[in-house]
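Visitor: I am new to reading structures. Could you walk me through one?

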Amino acid sequence: MKKTILVCGLIAGLIAASFFIGTMLIGYKVDEMFENGMIYGYTLMILAFSLIFVGTKITRDKYNNGVISFGKAFLTGFYISLIASTVYVIVWLIDYHFFIPDFVEKYSQYTLNKLQASGATATAIATQKAELEQFKQLYSNLFFTALVTYAEILPLGILVSLVSAFSLKRKIKKDVVV
């Protein structure tokens, strides 16, 4: 059972982090990354978290003789999502610190340019610039960066764990009549 959780968690983490791995390998184009990054990222996260369902089902069928409580199913999914989220955070920290250390500056500039293009007032732009500067200061702290990155992925993993636990729980084994 522990092996199933570990393998599913590691594979899910690599799938979720594949967008970051791709940016490390091929570089990144600022506009493309910021414009569509959330779509790519969350699509990969949802795909990755399908392994929560797989791992919970394997645990139920292979290790628990077809029976699993909601709590045990949720914990199985939660552990898979925690491992996947940790892989995601580690890959992002490596990507950010070694390959795109100017990420926050480029993101800030992209945000301000988009705000200006939308016709925002000078006050709105100045306010946004101040907020981005404050974020830049906070993001320079490794602990804060890790927390923000966990906050991107872990809640989705918990939600998928709850849905999987609810759909896969089985109190008694269903006998198959042949």
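**Core, helix and rings**

Visitor: Which residues does Phe 20 touch?

Guide: Contact means heavy atoms within 4.5 Å. Not counting residues up to four places away in sequence, Phe 20 touches Tyr 88, Val 91, Trp 92 and Asp 95. A caution: this is a predicted model, where local features need pLDDT of at least 70, side-chain atom pairs count only at pLDDT 80 or more, and totals for chains, interfaces and linings use all residues. Residues are numbered from 1 along each chain as its sequence is written, and side-chain values use heavy atoms, with hydrogens and water left out.

Visitor: Which residues of the largest nonpolar core touch the most other members?

Guide: Start with the term. A nonpolar core is a set of buried Ala, Val, Leu, Ile, Met, Phe, Trp, Tyr and Cys residues joined through side-chain atoms within 4.5 Å. Buried means under 20% relative accessible area, exposed over 50%, partly exposed in between (1.4 Å probe, protein chains only). Here the largest core has 28 residues, and Phe 20, Tyr 88, Trp 92 and Phe 103 touch the most other members. Helix H5 (70-99) is one of the helices that each supply at least two residues. H5 gives the most, with seven.

Visitor: How are helices picked out, and where do the buried residues of H1 lie?

Guide: Helices (H or I, at least four residues) are DSSP runs, numbered from the N terminus. An α-helix has 3.6 residues a turn, so residues three or four places apart point the same way. In H1 the buried residues are Thr 4, Ile 5, Cys 8, Gly 9, Ala 12, Gly 13 and Ala 16. They cover an arc of only 150 degrees around the axis, so they sit on the same side of H1. That arc is taken from the directions from the helix axis to the C-beta atoms.

Visitor: How many aromatic pairs are there?

Guide: Rings of Phe, Tyr and Trp (its six-membered ring) pair if their centres lie within 6.5 Å; planes under 30 degrees apart count as stacked, over 60 as edge-to-face and the rest as tilted. This structure holds nine pairs. Take Tyr 96 and Tyr 139: their centres are 5.2 Å apart and their planes at 80 degrees, so the pair is edge-to-face. Tyr 96 lies in H5 and Tyr 139 in helix H7 (residues 122-139), 43 residues apart.

Visitor: Are Tyr 96 and Tyr 139 buried or exposed?

Guide: Both Tyr 96 and Tyr 139 are buried.
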